[in-house]
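Trainee: I am new to this structure and would like a close look at one part of it. Please take one helix and then connect it to other parts.

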Amino acid sequence: MVQGGYGEKFSDRPIMTAQQYFLEQQRQHFPDASGEFSWLLSGITLATKMIQAKVRRAGLVDILGEQGAVNVQGEEQQKLDVYANRALLHCLGVRDSVGVLASEENEEPITVRSRSANAKYAIVFDPLDGSSNIDVNVSVGTIFSILRRPESAPTAADDGTSDVLQPGTTQVAAGYVVYGSSTILVYTTGQGVHGFTLDPSVGAYVLSHENIRIPERGKYYSVNEAYQDGFPPGYRDYLDRLRRKHYSSRYIGSLVADFHRTLLRGGVFLYPPTVDHPTGKLRLLYEANPIAFIAEQAGGSASNGTGRVMESVPSSIHQRTPLIVGGRAEMEEFARCVEAP
Ligand code: AHM
Ligand code: MG
């Protein structure tokens, strides 16, 4: 799956940067597109390069630890959370096609451009997912989802909320970046899932994983088993069945990293309802929906415990949801155990 390479010897395949790939895909699938969408995506690549540069220097510069504030979720903000949020707001806020930005770190959406005809998109994001892992050198990431703003006329009370309260099925693009052993950007615009590894020596995301497909069956399940006694019975039964089939387990505690492994190696990731989080912990708009879009585009699926995650109609920006996402075999078994036992 890994493409070409250009170490000592250039491969025959041309080096393809993320930017070139966006433009190429647009030319192929939307020949009349203006190119503004690719320009918008370049805001994400720029911001995530800035974030990864800070992550790579964590421990050397004063960026580790708590900021001293609590975010809208009631969680301690880390300095890197705050930096990552600012980088994305800055890099995306200056793109003309962006009208609204909504972040895990901000209570309300931010309208950067009122109803200008060009400002067609709303972007929701988790600037730094897995923050509890920052201080201990474990992978963290950024997750984003891009929506087209509805064309209906704005109301007086319109603060951008209606722009982002859309089901995941309306996403135009979604992706994530994992700041792991290398930095990788994975995204979809509904034309398959593609991965680009950051080459730090040239500062470019280079195509490394074209058309990723999630294996039909994997060998890992990924869940926080410490909460198992509080899972609904169907989930406990499901995990028992996987264990009887000799699945092994992996859990990092950073959704992006746990999902990235699941995407490449197969298996299933679950964050079920728990005693502390009866409606699940993960956020529908900027965690579950983008991950679900990528999983579906790679041949897998994602459930909220009762049906397809992307069909959930959101009623608030920071709404939580259970999330079960994985390959075909594991999701079919999940449907038999939990969705329609
Ligand atoms: P965050 O966005 O504040 O970092 O929280 C979300 C994270 C996910 O990355 C991860 O899957 C989950 O929380 C881990 O939660 P837990 O520690 O309860 O297992
Ligand atoms: Mg998160």
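Mentor: What follows starts with one helix and then goes on to a metal site, the nonpolar cores and one strand residue. The model is predicted.

Take helix α5, which covers residues 233–244. Its 12 residues reach 17 Å from the first C-alpha to the last, close to the 16 Å expected at 1.5 Å a residue. Which residues of α5 are buried? They are Tyr-235, Tyr-238, Leu-239 and Leu-242. Seen down the axis of α5, these buried residues fall within an arc of 95°, so they line one face of the helix. An α-helix has 3.6 residues a turn, so residues three or four places apart point the same way. The face of α5 turned away from the buried side carries Pro-233 and Arg-244, both exposed. On the buried side, the packing partners are the strands β11 (220–222), β13 (268–271) and β17 (323–326), together with helix α8 (328–339). Just after α5 comes His-246, with a positive phi of about 70°.

Next, the magnesium ion (ligand 2). Its protein donors are Asp-126 (OD), Asp-129 (OD) and Glu-287 (OE), at 1.8 to 2.1 Å from the ion. The spacing of these donor residues in sequence is D-x2-D-x157-E. Asp-126 belongs to strand β5 (residues 121–129) and Glu-287 to helix α7 (residues 284–297), so the pair ties together parts that are 161 residues apart in sequence. Asp-126 and Glu-287 are both buried.

Now the nonpolar cores. The largest has 36 residues, and those with the most contacts inside it are Ile-51, Ile-123, Leu-128, Ile-146, Leu-185 and Phe-196. Helix α2 (residues 36–56) gives the largest share of this core, 7 residues. Leaving aside neighbours within four places in sequence, Leu-128 is in contact with several residues, including Ile-51, Leu-80, Ala-84, Val-140 and Tyr-179. A second, separate core has 29 residues, among them Ala-174, Phe-293, Ile-294 and Ala-302.

Last, Thr-183, which is in strand β8 (residues 183–188). Is Thr-183 buried or exposed? With a relative accessible area of 3%, Thr-183 counts as buried, because the cut-off for buried is under 20%. The Thr-183 side chain makes a polar contact with the side chain of Gln-52, at 3.4 Å. Not counting residues up to four places away in sequence, Thr-183 also touches Arg-56, Val-177, Val-178, Phe-196, Thr-197, Leu-198 and Tyr-205. Phe-196 thus appears twice here: as a contact of Thr-183 and among the residues with the most contacts inside the largest core.

Terms used: Residues are numbered from 1 along each chain as its sequence is written. Chains are lettered from A and ligands numbered from 1 in the order in which they are written. This is a predicted model: local features need pLDDT of at least 70, side-chain atom pairs count only at pLDDT 80 or more; totals for chains, interfaces and linings use all residues. Side-chain values use heavy atoms; hydrogens and water are left out. Helices (H or I, at least four residues) and strands (E, at least two) are DSSP runs, numbered from the N terminus. Buried means under 20% relative accessible area, exposed over 50%, partly exposed in between (1.4 Å probe, protein chains only). A polar contact is a pair of N or O atoms within 3.5 Å; within protein, one must be able to donate a hydrogen and the other to accept it, and residues adjacent in sequence count only if both atoms are side-chain atoms. Contact means heavy atoms within 4.5 Å. The expected span of a helix is 1.5 Å times one less than its number of residues. The arc is that of the directions from the helix axis to the C-beta atoms. Donors are N, O and S atoms within 2.8 Å of the metal (3.2 Å for Na, K and Ca); water is not among the atoms, so sites may look incomplete. A nonpolar core is a set of buried Ala, Val, Leu, Ile, Met, Phe, Trp, Tyr and Cys residues joined through side-chain atoms within 4.5 Å.
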